[in-house]
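Welcome, and thanks for taking a look at this one with us. Below is a short briefing to read with the structure open beside you.

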Amino acid sequence: MTATTAPRLTNLLGMTREEMEAFFLSIGEKKFRAAQMLKWIHIEGCDDFAAMTNLSKALRTRLTEVAEIRGPSVVYEGSSSDGTRKWVLEVEDGSYVETVLIPADNGKRRTLCVSSQVGCSLDCSFCSTGKQGFQRNLTAAEIIGQVWVAQRSVGPRRDTANRPVTNVVMMGMGEPLMNYDNVVPAMKLMLDDDGYGLSKRRVTLSTSGVVPMLDKLGDELDVSLAVSLHAANDELRNELVPLNRKYNIRTLIDACHRYLAKCHDTRQVTIEYTVIKDVNDQQVHAEQLAAVLEELPCKINLIPFNPFPHSGYETPSRNQVMRFQQWLYDLGYTAMIRSTRGDDIDAACGQLVGRVKDRTKRHARYIQSIQIDAD
Ligand code: SAH
Ligand code: SF4
């Protein structure tokens, strides 16, 4: 007896407008169905074809035969006393990723921190995701699925004045530019008016400096850019961010200039600088940073190092971070020190923790501590 396998359903969740149009054409429907479907999925948060009342009954039936809307499943949802919310999501292979929504400005701003990979291959010495190694890229559906889940739990996006998610930062697990082909479609959905309708200034991609991909991104999208610098001399940055051996500081800063030049409006790069005790927190480091950033329109975010077991690094005192901030100020730079949020649900600044099942799925581990930008 031969086993028959059910035909695989096409998941519509991660499809951009163009992909959705191609899908509807492929099943003999008109292109405009794509806009209707995008609205159902991303504005209404709907995953049930039967509820899509502006589609004919025949089309709804056909859709159930060939397609599905499948997001990551929520295995944990928590809220912190300061309003920070966190979701632990299980993705296809049983790995977990976390998504955190951080309110700011009296609830006017709600920033979602989104992951792009399970683990990361770039092995930055101060990052626990890097220490866990690389497991796999998230699909576009799994990336946008994080926004979809967060919005569904907060409420549908029916009016633009009261969006459940007002900003997205790609600052969760992974290096987004190492998963370009899935990150870009997901960001297109964040920007699409029938998707999440966010302005490009409110969608931020954070990168440790994958220069060729940054150039490519600039040709395609002009979302806000955050660059994880952490050191302004190559010797030290080679140690902290091994990718620096391939694309050094000058090469990276030049790429930032090219990116800004391609943006259609006036922009600044956000420079992320994780401050590590006795490693990059001295006056000379502030001076090097000021010199390197001299020509670049930018703002600086100082992130006190978030410790994790066996990192070999320590968090500087609050005073030392403030001293570092003052040195930069004296050199003509305003730097923000990121504040701590969501402590009681492990979602505090620098403590967004992704839990990943290892390849053998024998146990889950905490893998990352990052800082979340509520900007
Ligand atoms: N891979 C991307 C985005 C994810 S990391 C990048 O590196 O930019 C998001 C931010 O958290 C980066 O600026 C990263 O350097 C920082 N980060 C990672 N580990 C940290 C730690 N232990 N303490 C503080 N910041 C950390
Ligand atoms: Fe990867 Fe970013 Fe962590 Fe570096 S800091 S290992 S690029 S996630």
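Helices and strands here are DSSP runs, numbered from the N terminus, with at least four residues for a helix and at least two for a strand. With that in hand, T166 can be placed in the loop between helix 5 (140-154) and strand 9 (167-170). Please keep in mind that this is a predicted model.

**The protein as a whole**

- The protein has 11 helices and 16 strands.
- Of its 375 residues, 57% are buried.
- Among the contacts with a separation of 6 or more, 65% join residues 24 or more positions apart.
- About 16400 Å² of the protein is exposed, and carbon and sulfur atoms supply 48% of that area.

**Around ligand 1**

- Which residues come nearest to ligand 1? Among the 21 residues around the ligand, they are F126, S206, S228, H230 and N306.
- S206 places a polar side-chain atom 2.7 Å from an oxygen atom of ligand 1.
- Two backbone contacts involve nitrogen of the ligand: a polar backbone atom of G174 is 2.9 Å from a nitrogen atom of ligand 1, and a backbone N or O atom of N306 also lies 2.9 Å from a nitrogen atom of ligand 1.
- Ligand 1 would expose 530 Å² if taken alone, and the protein buries 96% of that area.
- Strand 10 (203-207) and strand 12 (269-275) are the elements that give two or more residues to the shell around ligand 1.
- Sorted by class, the shell around ligand 1 holds 12 polar, 7 nonpolar and 2 charged residues.

**Around ligand 2**

- The residues around ligand 2 are C120, L122, D123, C124, C127, G130, G174, E175 and S208.
- By class, the shell around ligand 2 is made up of 4 nonpolar, 3 polar and 2 charged residues.
- G174 is worth a second look: this residue is listed around ligand 2, and one of its polar backbone atoms is 2.9 Å from a nitrogen atom of ligand 1.

**T166 and its neighbours**

- Is T166 buried or exposed? T166 counts as buried because its relative accessibility is 5%, and the cut-off for buried is under 20%.
- The side chain of T166 reaches the backbone nitrogen of R110 at 2.7 Å.
- Leaving aside residues up to four places away in sequence, T166 touches K108, R109, R110, L198 and R202.

**Aromatic pairs**

- A pair of aromatic rings is described by the distance of the centres and the angle of the planes.
- The count of aromatic pairs comes to 5.
- In one of them, F23 and F24 have ring centres 5.2 Å apart and planes at 75 degrees, so the pair is edge-to-face.
- Both F23 and F24 are buried.
- F305 and Y313 form an edge-to-face aromatic pair, with 5.9 Å centre to centre and 80 degrees between the planes.
- F305 counts as buried at 2% relative accessibility, and Y313 counts as buried at 17%.
- Ring pairs also link Y273, F324 and W327 into a cluster.

**Two histidines with positive phi**

- Most residues other than glycine have a negative phi, and most peptide bonds are trans.
- H230 has a positive phi, near 70 degrees, and is found in the loop between strand 11 (224-228) and helix 8 (234-240).
- With a relative accessible area of 4%, H230 is buried; this residue is also one of those that come nearest to ligand 1.
- H310 has a positive phi as well, near 65 degrees, and lies in the loop between strand 13 (298-304) and helix 11 (318-330).
- Is H310 buried or exposed? H310 counts as exposed, because its relative accessibility is 82% and the cut-off for exposed is over 50%.

**N238 in helix 8**

- N238 is found in helix 8.
- Not counting residues up to four places away in sequence, N238 touches N244 and R245.
- The side chains of N238 and N244 are joined by a polar contact of 2.8 Å.
- N238 and N248 are 10 residues apart along the chain, and their C-alpha atoms are separated by 8.1 Å.

How values were computed: Residues numbered from 1 in each chain as written. Chains lettered and ligands numbered in written order. Heavy atoms only, no water. Near = heavy atom within 4 Å. Polar contact = N/O pair within 3.5 Å; in protein donor to acceptor, adjacent residues only side chain to side chain. Areas by Shrake-Rupley, 256 points an atom, 1.4 Å probe, with all protein chains shown as cover. Nonpolar A, V, L, I, M, F, W, Y, C, P; charged D, E, K, R; others polar. Buried < 20%, exposed > 50% of the residue type's maximum accessible area, 1.4 Å probe, protein only. Contact = heavy atoms within 4.5 Å. Phe/Tyr/Trp six-rings, centres within 6.5 Å; stacked < 30°, edge-to-face > 60°.
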